[in-house]
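Biologist: I would like a close look at one part of this model, including what comes just after it and what surrounds it. Please set out the details in order.

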Amino acid sequence: MRPLLRKLLAPRQMEYLIIDRSFQIKEVSVGMKRFAETDDALPEGSDARDSFPEFIGLEEVLDDIVQGYRASFELKGITRGDKTNRFQAIYFDVTIIADDDGELLGDRLIVLFEDVTERMELEQALVQRGNEASLLLSALNTAHDYLGKIIISIADALLVTNASGKIKTANPAAQTIFGYSEAELIGQHISAVTPLQELWQRAQQAYEFGQADLLLHMETNCVTRTGRQTAIAFSCSLITSNEDDRHDFIYIGHDITERKQAEEKLKAARAIAESASQSKSLFLASMSHEIRTPMNAVLGMTELLLDTPLSMEQHDFVENIRTSGDALLNLINEILDLSKLEAGEMKLENLEFDLRSCVEEVVELLAPQAQSKGLEIINWIKNDVPDRVLGDRNRLRQVITNLMGNAIKFTSEGEVMVRVEMRSHHGNTDTVHFSIIDTGIGIAPEQRNKLFVPFSQVDASTTRKYGGTGLGLAICKQIVEIMHGEIGIASNLGSDVERGSIFWFTLPFQRPNNSGLQPGNPANITRMVGKRLLVVDDNANSRSAIAELLTRWQVQVDLAASATDAIAALRSSLTEQRFYDSALIDLEMPDLDGIALGRQIKATPEFASLPLILLTATHQMDITRQAVGTCFRDYTFKPVRSSRLLDVLERTLGIGNADNTANPSLTSTQTPPKSNLRILLAEDNPTNQKVAVKLLEKLGYRVEIAVNGQEVLTRLEQKTYDLILMDCQMPIVDGYAATQEIRRREGDRSHTIIIAMTANAMKEDRDKCIAAGMDDYVSKPISKDQIQAVLQKWGN
Ligand code: ADP
C-alpha cells in the first residue's frame with residue numbers, strides 16, 4: 001500500500017492497481033473492487049484480466065510502457081453495473097503508467113481508475129436538453145410559418161402597429177384594400193395610409209386609461225389609391241409582450257361592402273313595400289267609406305221597414321236583409337281592422353277606465369244572444385282584479401266580444417263563461433288573465449295550429465254551418481300583442497268543463513295614480529257589511545260568480561243549487577236563528593223553477609216576509625213583470641252586473657240612498673218622451689237624410705235638414721240650434737270647414753253641440769273631427785241605439 005499514492009488519489013475518487021507486465025496483481029487500493037467485472041476480491045498474484053476483461057489484448061502495450069517506449073495508455077468510458085444499486089451504471093476511465101518511482105525501470109505498472117459517472121451523466125443530460133431544444137425550435141418555426149400563412153391567406157386586412165402607430169406588419173389583404181405595396185406600408189404611420197386616424201386616437205386614449213383589454217370597433221368607408229370605394233368594419237385590440245411590456249396594436253378590417261349594398265337594397269325594398277301597404281290601407285279605408293254610405297241607407301231603411309206592418313213572409317225577408325247587412329258590415333270592419341293592424345297603424349289609447357264594468361258591459365251586450373239559445377252566461381270577475389286601470393278600453397272590448405261571440409256561436413247547449421283573474425303584479429303593472437270558456441263543439445288539438453291565422457277556419461264545413469270569416473282570432477292576436485299581452489287556447493282536459501274550448505289572453509295594465517271610488521270600494525262595502533243572502537241557482541259557476549261579487553261587499557252568502565236546497569237552507573236559518581235579509585233566485589232551474597220556488601216561499605208563513613229578487617234574462621221580461629208584481633220584490637238580469645246588483649239590493653233592503661220603489665225599468669213606457677231639442681241635420685244624401693229623420697222622429701226628436709255646410713251656415717244666421725248632426729263629406733262646404741266657421745263665429749260667446757256623422761271609420765277621422773271643433777262622433781251606418789245614446793249624452 002502506498003500512502004502517498006492514496007493521498008493523491010482519494011480526493012478525485014480514484015483507485016489504483018499495481019500489476020506486472022504479465023497482468024499479475026501486486027497491490028490493490030481499498031475501493032478497487034467496485035470497478036471489477038467480478039464480485040470476487042482481487043487477491044494478489046491473480047490475473048487482472050479475469051476481473052478487467054478490457055485489459056485482454058493489451059500485452060504489447062504493457063511491454064512498451066515497461067520498456068519506456070510509451071509513457072501511458074488510457075481507456076475511457078468503461079461502464080459497469082453499480083454493485084450497490086443494480087439499476088444504475090458507473091462509468092470510469094483507466095490510465096496505465098509505469099511504476100518507475102521516477103528512477104528505476106521495473107516491470108511494474110500502475111493502473112489508475114477514475115470514476116467519471118457524474119460527468120458522463122451530466123454530458124448525457126446536456127445532450128438530451130440539446131435535442132429537446134432543437135425539437136422545440138423546429139416546432140416554433142413550424143408554428144411561426146403556419147401563423148404567417150394564416151396571416152397571408154386571410155381575406156380580412158390585418159395591420160400591426162407599434163405603440164406609436166408605425167406599421168410593422170401588413171398582410172396581402174390589407175395591401176389590396178388600401179392599394180399600397182407591403183414596402184410602402186411598413187414603417188408608415190397608420191393614419192397616413194388608412195382612414196383609421198380616429199380609431200387610432202381612441203385606441204391610444206383607451207390604452208392611456210389603462211384599458212389593456214380594449215377592443216374597439218368602427219365602420220368606415222375606404223377609398224383605395226385607385227379610387228375604389230369600400231366599406232370596412234374595423235376592430236382594434238391591444239397586444240402586450242410579456243417580456244419587455246412593449247405593446248402593439250392589431251387592426252383587423254372586414255370588407256362589408258356587399259353587406260352594406262344588400263342592406264341598402266333591403267331598405268329600398270322595405271320602403272316600396274311600406275308604401276304599397278300604405279296604399280292598400282288607404283284603398284281599404286276609402287273602399288270602406290264608399291261601402292258604408294250605401295250600407296247606412298240599406299240598414300237604416302231595413303230598420304224602419306221592420307217597424308211597419310208586414311206580413312210574416314215579408315218580415316222574414318226584411319230580417320234576412322238586416323242579418324246579411326250586419327254580416328257584411330262586420331266583414332268590412334274586420335278587414336279594415338286587420339289591414340290597419342298589419343300596416344302598424346292601429347293606434348292604442350292609454351286612458352284610465354273601469355276594467356270591471358268594461359267586461360260586464362261586453363258580457364251584458366252579448367248575453368241576450370246566448371240566452372235566447374238557452375245558454376247560461378257567466379261573468380266571473382275575481383275580487384283581486386283591479387277596478388281602475390290604464391289602457392285601451394275599446395280594444396279590450398273588441399277582443400272579449402270576438403272570443404265570446406265565437407264561444408256563443410260554437411256552443412249549442414251548456415254555458416259560456418268569462419273569467420277574469422289577477423295573474424301578477426310587477427311594480428306599477430297588474431297583469432290580468434282573461435279566459436272565455438264554453439261547452440261547445442271544441443277544437444281538436446291537431447287543429448289548434450290553424451287558429452289565429454287570417455282567413456283560417458278549423459274545418460271548411462264550419463264555414464257553411466256557422467258562417468264567419470276566419471279573421472276574428474287573427475285580429476284578437478294582433479291586438480293583444482300590440483298591447484304587450486299573450487293569447488292562446490288552453491286544453492280543457494281535466495278542467496271542470498269536460499268539453500268545449502278555453503280561449504285565454506293576458507294583458508298588462510298600468511295602475512292609474514289615483515283611482516276613484518268603485519262599487520266594490522269601502523264606501524259601498526260599509527252599507528252592505530254583515531247582510532245575509534241566500535243565492536239559489538242550479539249553475540255552479542254562476543252561483544260562485546255571484547258569491548264572489550257579494551263577498552266583495554262583505555255580505556254573508558249561502559248557496560243553494562235547487563229549490564229543495566233553498567227550502568232546506570231557509571229552514572235551518574230558522575232553527576239556527578240566522579235570518580236571511582233577502583234571497584236571489586234564478587228564474588230558470590230544472591225541476592222547480594224560480595217563480596214556483598218564489599210562490600212556495602211566499603206560501604210558507606215563516607218565510608213569507610223574506611224579500612225575494614229574481615235573477616232573469618232580457619227575453620223573459622213578460623214573466624219577470626208578472627213575478628215582480630206578485631211574489632218577487634225586484635229583479636236583476638243575469639249575468640249580474642255589480643252596480644245593478646248593488647242598486648237592487650240597496651232598494652230591496654232599504655239601505656243607502658236607494659229609493660224604495662220598484663225597479664224603474666219596469667215602469668218605463670215604450671213610447672219615447674217628446675224632446676224640445678232643436679236639431680239640425682246636415683246630410684247631402686237623400687236616402688241617408690230619410691233614414692236619419694225617421695230614426696230621430698221615432699226617438700221623439702224633431703229635426704231640420706241642411707244639404708251642405710253652406711246651408712248650415714246660412715240657417716245659423718237666421719236661428720239657433722241646440723245640436724247639429726254633421727255629415728263630414730258634403731258638396732260646396734264640407735262638415736269640417738262648416739264646423740270651423742261655426743266655431744270662429746261663436747268665439748267664447750256660445751257653443752252649439754256638433755256631432756260628426758261619417759262613414760270614415762279610422763281613428764284618425766275621429767281625431768280630424770275633434771280637431772275641426774266637433775264635440776263627438778258617430779260612425780255610419782248609424783243605429784238607433786247609437787244615436788239615442790249620443791243625443792241623451794249631449795241633449796242634457
Ligand atoms: P270566424 O269565427 O269568423 O270563422 P275566427 O278567427 O274568430 O273566425 O275563428 C276561426 C275558427 O276557429 C272558427 O271558424 C272555428 O273553426 C274556430 N273557433 C274559434 N272559436 C271557437 C270556439 N269557441 N269553439 C270552437 N271553434 C272555435
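Modeller: Just after helix α22, G700 takes a positive phi of about 95°. The model is a predicted one, in which local features need pLDDT of at least 70 and side-chain atom pairs count only at pLDDT 80 or more, while totals for chains, interfaces and linings use all residues. Residues are numbered from 1 along each chain as its sequence is written, and side-chain values use heavy atoms, with hydrogens and water left out.

The helix itself covers residues 686-698; a helix here is a DSSP run of H or I with at least four residues, and a strand is a run of E with at least two, both numbered from the N terminus. Because α22 has 13 residues, it should span 18 Å at 1.5 Å a residue, and its end C-alpha atoms are indeed 18 Å apart. The expected span is 1.5 Å times one less than the number of residues.

At the N-terminal end, N685 acts as a cap of α22: one of its side-chain oxygens lies 3.1 Å from the backbone nitrogen of N688. N688 is also one of the buried residues of the helix, together with Q689, V691, A692, V693, L695 and L696. Buried means under 20% relative accessible area, found with a 1.4 Å probe and protein chains only. These buried residues pack against two helices, α9 (257-306) and α26 (784-795), and against three strands, β23 (678-682), β24 (702-706) and β25 (723-727); contact means heavy atoms within 4.5 Å.

Helix α14 (residues 472-482) may be described in the same terms. Its buried residues are G472, L473, A474, I475, C476, I479 and V480. Their cover includes α10 (312-342), α12 (393-409), β16 (486-490) and β17 (502-510). After α14 comes H484, with a positive phi near 65°.

A single buried residue in a strand may complete the account. R532 belongs to strand β18 (residues 532-536), and it counts as buried because its relative accessibility is 9%. The side chain of R532 makes a polar contact (a pair of N or O atoms within 3.5 Å, one able to donate a hydrogen and the other to accept it) with the side chain of D558, at 2.9 Å. A polar atom of the R532 side chain also lies 3.4 Å from the backbone oxygen of R578. Beyond its neighbours within four places in sequence, R532 is in contact with Q556, D558, R578, F579, Y580, D581 and S582.

Key:
Buried < 20%, exposed > 50% of the residue type's maximum accessible area, 1.4 Å probe, protein only.
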